[in-house]
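Reader: I'd like a close look at one part of this model, please. Could you walk me through a single helix and what surrounds it?

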Amino acid sequence: MSTEQEITEMFDRISPTYDRTNTALSFGMDRLWRKKLISNLPKRASGALLDVATGTGEVLLEAFKQDKIQMGMGIDLSGEMIKLAKDKFRASPFRPQANFVVGNALSLPFENETFDAVTMSYGIRNVQNVDLALSEMHRVLKKDGRVLILEFSLPKNELLKKLHLIYLRKILPNIGQLISKSKSSYVYLNKTIESFPYGPSFLNYLKAAGFGSCKAVPIMGGITTLYIGDK
Ligand SMILES: C[S@@+](CC[C@H](N)C(=O)[O-])C[C@H]1O[C@@H](n2cnc3c(N)ncnc32)[C@H](O)[C@@H]1O
């Protein structure tokens, strides 16, 4: 497993091409997956959303576009990602309602029961301690709040799974290198996708952190999964 410093340096390094590489690697589907995540957010008049491992702020942007929240806070280990998120919001109408900070999912710098909802998209796979990250998310959520986690997974269907593994092992690292010039980052992506728990196994982590009504919603045959839990 990579250290926190290695993870930070890797995301700092690929940040300039991060959005573009995502679009290429997912054939533009990553936006639809985040839309799906946000469509599962309950609408509240005073909705405050924390997006953990926010990257360039795409989840918060989508939440504002769908008019699901009043206030958004994004946190990420990578200072370069946070800079890009701030730039993106500076050029958007949602600037006054959004804040971004550099910080760690394992020790969220917020009071207990601060947010109506907490999201994490493609971040949980990268943290050093999944249990601690989930219990931190649970801690900062208000009672009746919801957590929404989007993460890569592997299809149940054996043929689809075989084809997807060929894509992950042989094609993805090369496209990643072409755009970001960093093949190792996209080999890392492939390896963490293959080894990270998904479906019912990941639901056990959510339940252990104290979430209820937990469900896993496979998307596109299971190449990615949306996890939902309530406090
Ligand atoms: C694959 S990117 C996902 C970014 C964004 N959520 C998205 O959907 O595009 C993973 C992000 O997790 C961040 N990250 C990794 N470990 C973290 C941690 N312990 N605390 C906060 N952020 C972390 C990385 O810096 C990176 O920006």
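Which residues of H5 are buried?

Author: Some ground rules to start with. This is a predicted model, where local features need pLDDT of at least 70, side-chain atom pairs count only at pLDDT 80 or more, and totals for chains, interfaces and linings use all residues. Residues are numbered from 1 along each chain as its sequence is written, and side-chain values use heavy atoms, with hydrogens and water left out.

Now to your helix. The buried residues of H5 are Met-81, Ile-82, Ala-85 and Phe-89 (buried is under 20% relative accessible area, with a 1.4 Å probe and protein chains only). They sit on the same side of H5, because the arc they cover around the axis is only 100° (taken from the directions from the helix axis to the C-beta atoms). Helices here are DSSP runs of H or I with at least four residues, strands are E runs of at least two, and both are numbered from the N terminus.

As for its length, H5 has 12 residues, 79–90, so at 1.5 Å a residue it should span 16 Å, and its end C-alpha atoms are indeed 16 Å apart (the expected span is 1.5 Å times one less than the number of residues).

What does that buried side pack against? The partners are helices H1 (4–14), H2 (18–26) and H4 (58–65), plus strands E2 (71–76) and E3 (98–102) (contact is heavy atoms within 4.5 Å).

Phe-89 deserves its own paragraph. Leaving out neighbours within four places in sequence, Phe-89 is in contact with Gly-57, Leu-60, Leu-61, Phe-64, Phe-94, Arg-95, Ala-98 and Phe-100. In the largest nonpolar core, of 42 residues, Phe-89 and Leu-41 touch the most other members (a core is a set of buried Ala, Val, Leu, Ile, Met, Phe, Trp, Tyr and Cys residues joined through side-chain atoms within 4.5 Å). H4 supplies the largest share of this core, five residues. Another core, of 30 residues, lies apart from it, with Met-73, Val-130, Leu-141 and Phe-202 among its members.

Just ahead of the helix, have a look at Ser-78, in the loop between E2 and H5. Ser-78 is buried, with a relative accessible area of just 1%. A polar atom of the Ser-78 side chain lies 3.0 Å from the backbone nitrogen of Met-81, one of the buried residues of H5. Not counting residues up to four places away in sequence, Ser-78 also touches Thr-8, Phe-11 and Asp-12.

Key: Buried < 20%, exposed > 50% of the residue type's maximum accessible area, 1.4 Å probe, protein only. Polar contact = N/O pair within 3.5 Å; in protein donor to acceptor, adjacent residues only side chain to side chain.
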